Each structure stands twice: as structure tokens, then as C-alpha cells.
Amino acid sequence: MSMIELSVNRRAVRIAAEPRTNLADFVRDKLDLTGTHLGCEHGVCGACTVLLDGVPARSCITYAVACEGAEVTTIEGLDEDDVTSELRSAFTREHALQCGYCTPGMLVSARDLVLRLPQADERLIRVGLSGNLCRCTGYVGIVRAVHSVIEARRARDIAAEPGGGRKTLGPVGSGRNGHDAAGRVERIRVATSETASPEAAGLAASIPDFTPATVLQQQFSVAYSPQQVFAMFDDIAAVAACLPGASLTAPPKPERVEGEIRVRIGPIGATFSGAARVERSEADMSGRIVGIGNDRRSRSSTQGEIRYRLVPIGQGTRVDLSIGYTLTGMLAQVGRPGLVRDLAARLIAEFAGNLDRRLSGASAPATAAAELNGMALIFGLLRARVARWFGRFSSDKDGAP
Ligand code: FES
Ligand code: FES
């Protein structure tokens, strides 16, 4: 696993990825930018075209790790772009799409063409777009749409943009990747899972900040004052005991904790071993826990961040949580966002119940050592939904004329 820092659609991104992850999977799976389509996955069809430092590039044959420091623009990043807006209108007007699968890549390539070649005629447009295949074969409308935009810009005396705004070509088309301003090769900063892993190097390296791929907002209330809850949150061992499936693997320090969490979703079980950095602010009763972990068996990794803020409500406390995470590997394949969101809601409900019991002085919660069982939680969710549905059904009947 490598940590990659780059800019995607003008947003700084720092996410771990397998060295073999291509840029298309990276933007789709980790950033939910699904406008980048995958067709052939061999660099032939152009469906996956994105801009890499302003240069159209095939993201299916571009390794994400090779884009360290680059500026990536996907079709979503061109929402406000003038040329792309003109092209979108022209595609609609000229019926230049049928199924639309090739359209994002086609628009990215067409934009480059429009910027670079204000004199392009039909032949040049066909040559320029020859790297983008349309399986619906709607080339006549596509060429007509691109031509109409070029003509309209020429009529408005808009000059060509030298190189279409592109920068010097470097590895994988990026003007900066691996090169400094003088073109010298810089060392690409890569943190491998071995250096980031808690098992290796004794977790000597600090736990990095990251931009989560998914952020969930949750809240729950307990009948204890913010001061009591804040003090309890300082007792990491007690907090871990309230979290289903979690346990500590080393004595916790005030600002650092090492442990593991066991999860099972369907047939896949995983034990994430890792460490977390703990930050607290008594001034506003808030805190932050940033952690990393990996499971060797399922070859899944996760980075997570929990931010909490304690808000007084009457005699009790509302705990506002923001949970951000990035999950990669086998579990990410089955851990669809909706499912994970539901699981997180159930997990937090169990955590809140355990916390409440703990604060009331009750003994260690029964669920503490249990595995976080996704299927059990799913059945719990289904039960709750069915109960809600029958409740609504019977109240509808009661209220029926
Ligand atoms: S999916 Fe990348 S070129 Fe076809
Ligand atoms: S419109 Fe269907 S692939 Fe081009």
C-alpha cells in the first residue's frame, strides 16, 4: 500500500492505494468520481480519458502511484469549464450520444481538440478523436458537435490555447510527476504499508492525516454531563471496551493507542490491526482520533478518522460524530457505501448503549469482546425495518376510515 498525494479536480487528496491500482479505479473507487468510465482497460477505447496536468491521458493504463504530485481533472472537474459546457450543449443539440458510455472520455478529448486546433475541419476532428471509440457508432453527431463548437469559437475570435493548456510531458503525461522544475527526477514519496504498519518499525512513524473517501455523520445522546462523557473518552481502554469487536493490543498512552478490531461481512472475516492518534480539546469538548489498520488475510486496509463534539442538552449530552474512512482491498468490494453506512449506524447505536451502561457504573458490556458481525447487524437492521413497516401498516389501518 502506498500513500499518494495529488490534486483531483482542484482538491488536495492524500490516499493510500495499492501500487497496481490504476488511476481510473483510484478516482472511481476512492473518490466516487464515477464519471470516468472503463471500457477496454487496455488503453484502446478512450472511455477512461482524464486530464493529467492538462494532458488527456488514459487512466486505465496509468498507475495512480505514478501520479504523485500531479493535477488530475476528471469529467466532474469540468462541470464549470466553459469549453466543456459548450461541448455538452452541442452534443445534446447534435444527438452526439446514445448510451453515453463513451461521452465523458469523448468530451475530455474534444475539449483538448477545441482548445488546440481552432482551424480543425472534419478530417482533423476525426483524426483528433480517433483514440476515442463509440460502441454506438454515433460518430457523425459527435464530429458535427465538436465542429460546431470550433466554428462558434472561431466566429467569436477566440484564439487557440497553446498546447491546450498542457504542461511539459513527463512520466504518464504528468509535467511534474517525479520531476522538479529543472526536470531532475525527484524521489517519489511513498509510504509503504510496511512503514505505515503497526507491526513494522514499531509504528515509529507518525500516523498521517488523510482525506477520507467516505464521511458519515452520526449522533447519539446519553444521560450524563459533557464533563462526565469527556472524562470517560479519556479512558481509551474503557472506550475500546464499548466498541463491538475492538480490543487493545498494547497499554494505551494518552495520545496513542494500538489495537485491533474484528469485523465479519458475509463470508469475509478480517482483523484490522493498527494504531490511532488521539487529540482532545477540553475548551470545546471535542476530540479527534485518526487511525490506520490492515488485515493481512483479506489484504484489506483502512484509514479512519473519528471527530466528536460533546453538546450539552438538558441534563445530558449529545455526541456529534463525524466518521471518515477509506477502505481498500477485498472488504471494500463487499462493503458498499450504503451497507457500511447502515452498519456504522448500528455500530454507533451499540457503542452508545455500552457507553451509557459504562457511565452508569455497570460492568463491562457483553458485546465488547464480540466480533463486529456485519451479517448480524444487517439482520438487526432488517428486523428493525420490518418492525417499522408493520408499525406503520397497523397505524395506517387504525387511522383508516
Ligand atoms: S478503458 Fe482506458 S482506454 Fe479503454
Ligand atoms: S454513445 Fe454509446 S458508446 Fe458512445
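Helices and strands are here DSSP runs, with a helix holding at least four residues and a strand at least two, and they are numbered from the N terminus. The structure described is a predicted model. This briefing covers the loop between strands β1 and β2, the packing of helices α2 and α5, α2 and α3, and α3 and α5, the nonpolar cores, and two individual residues, Val 149 in helix α5 and Ile 261 in strand β8.

**The loop between β1 and β2**

- Strand β1 spans residues 2-8 and strand β2 spans residues 11-17, and Asn 9 lies in the loop that separates them.
- Arg 10 is placed in this loop between β1 and β2 as well.
- Asn 9 has a phi angle near 50°, a positive value in a residue that is not glycine.
- For Arg 10, also a residue other than glycine, phi is positive and near 70°.
- Asn 9 counts as buried because its relative accessibility is 16%, and buried means under 20%.
- Arg 10 counts as exposed because its relative accessibility is 65%, and exposed means over 50%.

**Helices α2 and α5**

- Helix α2 comprises residues 82-93 and helix α5 comprises residues 139-155; they pack at an angle of about 135°, and their axes are 8 Å apart.
- The two helices α2 and α5 are therefore oblique to each other.
- Their crossing, that of α2 and α5, is right-handed.
- On the α2 side, the contact is formed by Val 83, Glu 86, Leu 87, Ala 90, Phe 91 and Arg 93.
- On the α5 side, the contact is formed by Ile 142, Ala 145, Val 146, Ser 148, Val 149, Ala 152 and Arg 153.
- By character, the residues of this contact between α2 and α5 are nine nonpolar, one polar and three charged.

**Helices α2 and α3**

- The axes of α2 and α3 are 10 Å apart, and the helices pack at an angle of about 120°.
- Helices α2 and α3 are therefore oblique to each other.
- The crossing of α2 with α3 is right-handed.
- Helix α2 contributes Val 83, Thr 84, Leu 87, Arg 88 and Phe 91 to the contact.
- Helix α3 contributes Thr 103, Met 106, Leu 107, Ala 110, Arg 111, Val 114 and Leu 115 to it.
- The residues in the contact of α2 with α3 divide into eight nonpolar, two polar and two charged.

**Helices α3 and α5**

- The axes of α3 and α5 cross at roughly 35° and come within 10 Å.
- Helix α3 passes α5 in a right-handed crossing.
- The α3 residues in this contact are Met 106, Ala 110, Leu 113, Val 114 and Leu 115, and those of α5 are Ile 142, Val 146, Val 149, Ile 150 and Arg 153.
- Nine residues of the contact of α3 with α5 are nonpolar, none is polar and one is charged.

**Nonpolar cores**

- The largest nonpolar core has 26 residues, of which Leu 87, Phe 91, Ile 125, Leu 129, Ile 142 and Val 146 touch the most other members.
- Helices α2, α3 (residues 103-116) and α5 each supply at least two residues of this core.
- Helix α3 provides the largest share of this core, seven residues.
- Apart from neighbours within four places in sequence, Ile 142 is in contact with Phe 91, Ala 96, Met 106, Leu 129 and Cys 134.
- A second, separate core holds 21 residues, among them Cys 242, Leu 321, Phe 351 and Ala 352.

**Val 149 in helix α5**

- Val 149 is located in helix α5.
- The relative accessibility of Val 149 is 3%, so this residue counts as buried.
- In sequence Val 149 and Leu 87 are 62 residues apart, while their C-alpha atoms are 6.4 Å apart in space.
- Leaving out residues up to four places away in sequence, Val 149 touches Glu 86, Leu 87, Ala 90 and Val 114.

**Ile 261 in strand β8**

- Ile 261 belongs to strand β8, which spans residues 256-265.
- With a relative accessible area of 24%, Ile 261 is partly exposed.
- The C-alpha atoms of Ile 261 and Gly 293 are separated by 8.9 Å, and these residues are 32 residues apart along the chain.
- Residues up to four places away in sequence aside, Ile 261 touches Leu 243, Pro 244, Gly 245, Ala 246, Ala 270, Thr 271 and Phe 272.

Key:
Residues are numbered from 1 along each chain as its sequence is written. Chains are lettered from A and ligands numbered from 1 in the order in which they are written. This is a predicted model: local features need pLDDT of at least 70, side-chain atom pairs count only at pLDDT 80 or more; totals for chains, interfaces and linings use all residues. Side-chain values use heavy atoms; hydrogens and water are left out. Axes are lines fitted to C-alpha atoms, for helices over the stretch in contact, and angles run from 0 to 180 degrees between N-to-C directions. Angles under 35 degrees count as roughly parallel, over 145 as roughly antiparallel, 65 to 115 as roughly perpendicular and the rest as oblique. A crossing is left-handed if the near helix is turned anticlockwise from the far one by less than a right angle, and right-handed if clockwise. Contact means heavy atoms within 4.5 Å. Ala, Val, Leu, Ile, Met, Phe, Trp, Tyr, Cys and Pro count as nonpolar, Asp, Glu, Lys and Arg as charged, and the others, Gly among them, as polar. A nonpolar core is a set of buried Ala, Val, Leu, Ile, Met, Phe, Trp, Tyr and Cys residues joined through side-chain atoms within 4.5 Å. Buried means under 20% relative accessible area, exposed over 50%, partly exposed in between (1.4 Å probe, protein chains only).
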